[in-house]
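Student: I should like to work through this chain step by step. May we begin once the sequence and structure are displayed?

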Amino acid sequence: MVIIPVKLDSTVMCGTALTVEATCSIAVALRMPMPRWRILRTCVLGRMTNA
C-alpha cells in the first residue's frame with residue numbers, strides 16, 4: 001500500500017499523478033503487483049477549520 005500525503009491544491013494533483021504513474025511503471029518493470037493507493041489530505045482550507 002502506498003500513502004501519499006498531499007495538500008488539496010490543483011498544482012499538487014499534477015505532481016501526485018506523476019508519482020502514481022512512475023510507481024506503477026516501476027512495479028511493472030520489477031514484475032511486482034500494483035500498489036493500492038491512499039491519498040492522505042494533510043491541509044484543509046482556512047475557512048473549513050472553523051467547522
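Student: How many residues has helix H1, and what distance does the helix reach from its first C-alpha to its last?

Tutor: Please keep in mind that this is a predicted model. Helix H1 covers residues 10-29, a run of 20 residues. At 1.5 Å a residue, a span of 28 Å is expected, and the value computed from first C-alpha to last is close to that. The helix thus has 20 residues and reaches 29 Å.

Student: In what order do the elements of the chain run from the N terminus on?

Tutor: The chain holds one helix and two strands. Strand S1 spans residues 2-7, helix H1 spans residues 10-29, and strand S2 spans residues 37-43. From the N terminus on, the order is β-α-β.

Student: Which residues of H1 are buried?

Tutor: A residue counts as buried when its relative accessible area is under 20%. In H1, this group consists of Thr-16, Cys-24 and Ala-27. Viewed down the axis of H1, the buried residues fall within an arc of 70°, so they line one face of the helix. The buried residues are therefore Thr-16, Cys-24 and Ala-27.

Student: Which exposed residues does the face of H1 turned away from its buried side carry?

Tutor: Exposed residues have a relative accessible area over 50%. On the face of H1 turned away from the buried side, the exposed residues are Thr-11, Leu-18, Glu-21 and Ala-29.

Student: Which residue just after H1 takes a positive phi?

Tutor: The residue lies in the loop between H1 and strand S2. Its phi is about 55°, although it is not a glycine. At 78% relative accessibility, it counts as exposed. The residue is Arg-31.

Student: Is Met-1 buried or exposed?

Tutor: Met-1 is placed in the segment before strand S1. Its relative accessible area is 61%, and the cut-off for the exposed class is over 50%. Met-1 is therefore exposed.

Student: Leaving aside its neighbours within four places in sequence, with which residues is Met-1 in contact?

Tutor: Met-1 and Pro-35 are 34 residues apart in sequence, but their C-alpha atoms are 5.3 Å apart in space. Contact requires heavy atoms within 4.5 Å. With neighbours within four places set aside, the contacts of Met-1 are Arg-36 and Arg-38.

Student: Which residues form a nonpolar patch on the surface with Met-1?

Tutor: Met-1 belongs to a surface patch whose members together have about 330 Å² of accessible area. The other members are Ile-3 and Leu-40.

Student: What percentage of the accessible surface of the chain belongs to carbon and sulfur atoms?

Tutor: Of the 51 residues of the chain, 12% count as buried. The accessible surface comes to about 4,300 Å². The share belonging to carbon and sulfur atoms is 63%.

Conventions
Residues numbered from 1 in each chain as written. Predicted model: local features only at pLDDT ≥ 70, side-chain atom pairs only at ≥ 80, totals over all residues. Heavy atoms only, no water. Patch = residues over 30% accessible without salt bridge, like charges linked within 9 Å, V, L, I, M, F, W, Y side chains within 5 Å. Areas by Shrake-Rupley, 256 points an atom, 1.4 Å probe, with all protein chains shown as cover. Salt bridge = Lys/Arg side-chain N within 4 Å of Asp/Glu carboxyl O. Helix = DSSP H or I, 4+ residues; strand = E, 2+ residues; numbered from the N terminus. Buried < 20%, exposed > 50% of the residue type's maximum accessible area, 1.4 Å probe, protein only. Expected span 1.5 Å × (residues − 1). Arc of directions from axis to C-beta.
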